[in-house]
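I opened this notebook to keep track of what I looked up, beginning with the chain as a whole and ending with the surroundings of the ligands.

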Amino acid sequence: MDSENEYKASELFVAQAHLYNQIFSFMRPVSIKWAVELGIPDIIQNHGKPITLPELVSALRIPEAKAGCVHSVMRLLAHNKIFAIVKIDDNKEAYALSPTSKLLVKGTDHCLTSMVKMVTNPTGVELYYQLTKWTSKEDLTIFDTTLWDFMQQNSAYAELFNDAMESDSNMMRFAMSDCKSVFEGITSLVDVGGGTGNTVKIISEAFPTLKCIVFDLPNVVEGLTGNNYLSFVGGNMFESIPQADAILLKWVIHNWNDDDCVKILKKCKEAASRQKKGGKVIIIDIVINEKQDEHEITEVKLCFDITMMANHNSRERDEKTWKKIITEAGFMSYKIFPIFGFRSLIELSV
Ligand SMILES: C[S@@+](CC[C@H](N)C(=O)[O-])C[C@H]1O[C@@H](n2cnc3c(N)ncnc32)[C@H](O)[C@@H]1O
Ligand SMILES: O=c1cc(-c2ccc(O)cc2)oc2c(O)c(O)ccc12
């Protein structure tokens, strides 16, 4: 047989396990969604100590007959380090929170359950299962129209998306000490595409006298109220951006193709140039670096690249492509600080 000549049986079986692992990997989000919907991270947190399977089943108020189901899903989740399994008295096993499931406990300042709910939402997932059909069609995004127009028509999805972005911004809090120098000396800041304003709120905690504007599409900022140091302005970043010492673009540039990025960056440069002293533009986004990054970091970046392709007809960029759009927009220099986990802060001087 051909296959015998080409491969050893052991290699074929390794390849088969790898393939099955890949196609069954949808069980990972499915099981995380299950744990979040059942509130398991909160149950473990409130239990105050590791929880045994019978204790968990009892807390879940589900039929006894489903104990085996809870065991199976928890075993996969623990295998993938979403929960930890620890030994308690009598050498019994119990479930504990891992660093990852600590991010799924509600009411903390680092809760990412809204992100889980958005990414596992059937509306988006079903569209991703149509990727083959979409590739053969002319539509530029899986939403047919732009995601922003889609959300204008679908307020429930918009709420899901904005909540997810808000929860993602919470993670900024843990990088502020590493990027304080970037914000020091600035008296005013505009967060372009700043959504519901969570990023700015976190920056304000560290710099309470900084005058901040959250600038986003009118339907996004409608009804949002600020205070003496924070205001919400509706508009279109392709037309005009309010002036400030610094312009922030978090999770915005990756939504656009290179030509649009150059247009946005030029508008930002204009808005930061009108100040007496030279202003700056601060970008928080992904920089793909397959050669240097660990496998898991590259994987999350590449998954976001597909998300950008399908949601926005855009992409994640490597440093070479970043340099190209930054230079085309007229900036002389840039500095990349890889301080946000899989994202970086890119500082552009005007
Ligand atoms: C991926 S979200 C990022 C939100 C926020 N910066 C964050 O990190 O959570 C991109 C944002 O860009 C906004 N946006 C899209 N087109 C825009 C435009 N033409 N002018 C201003 N904002 C826009 C969207 O409404 C959305 O809030
Ligand atoms: O963080 C995200 C996640 C998504 C996303 C992933 C999967 C889905 O089924 C729907 C949405 O989309 C994003 C996005 O469009 C963006 O501009 C920034 C971040 C994310």
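I began with burial, and of the 350 residues of the protein chain I found that 31% count as buried. I note here that I am working with a predicted model. Turning to contacts, I looked at those in the protein chain with a separation of 6 or more, and residues 24 or more positions apart account for 62% of them.

Next I looked up the overall build. The protein chain has 18 helices and 11 strands, and its C-alpha atoms fill a box of roughly 70 × 60 × 40 Å along the principal axes. The domain assignment gives domain 1 as 2–102 and domain 2 as 147–349, and I noted that 35 Å separate the centres of the two, taken over C-alpha atoms.

I then went to ligand 1, which has 18 residues around it, with Met165, Gly193, Gly195, Met237 and Trp251 coming nearest. Helix α12, residues 155–170, gives the most to this shell, with three residues. Sorted by class, the shell around ligand 1 has eight nonpolar, seven polar and three charged residues.

My last entry concerns ligand 2, where the surrounding residues are Met118, Val119, Gly124, Val125, Tyr128, Leu147, Trp251, Asn255, Thr307 and Asn311. Helices α8 (113–119), α9 (122–128) and α17 (295–312) each supply at least two residues of this shell, and α9 gives the most, with three. By class I counted six nonpolar and four polar residues around ligand 2, and no charged ones. I also marked Trp251, which is listed around ligand 2 and is among the residues that come nearest to ligand 1.

How values were computed
Residues are numbered from 1 along each chain as its sequence is written. Chains are lettered from A and ligands numbered from 1 in the order in which they are written. This is a predicted model: local features need pLDDT of at least 70, side-chain atom pairs count only at pLDDT 80 or more; totals for chains, interfaces and linings use all residues. A residue is near a molecule or strand if its C-beta atom, placed from the backbone, lies within 6 Å of it. Helices (H or I, at least four residues) and strands (E, at least two) are DSSP runs, numbered from the N terminus. Ala, Val, Leu, Ile, Met, Phe, Trp, Tyr, Cys and Pro count as nonpolar, Asp, Glu, Lys and Arg as charged, and the others, Gly among them, as polar. Domain bounds come from an automatic or database domain assignment. A residue is buried if 20 or more other C-beta atoms lie within 10 Å of its own, exposed if 12 or fewer, and partly exposed in between; C-beta atoms are placed from the backbone. Two residues are in contact if their C-beta atoms, placed from the backbone, lie within 7 Å.
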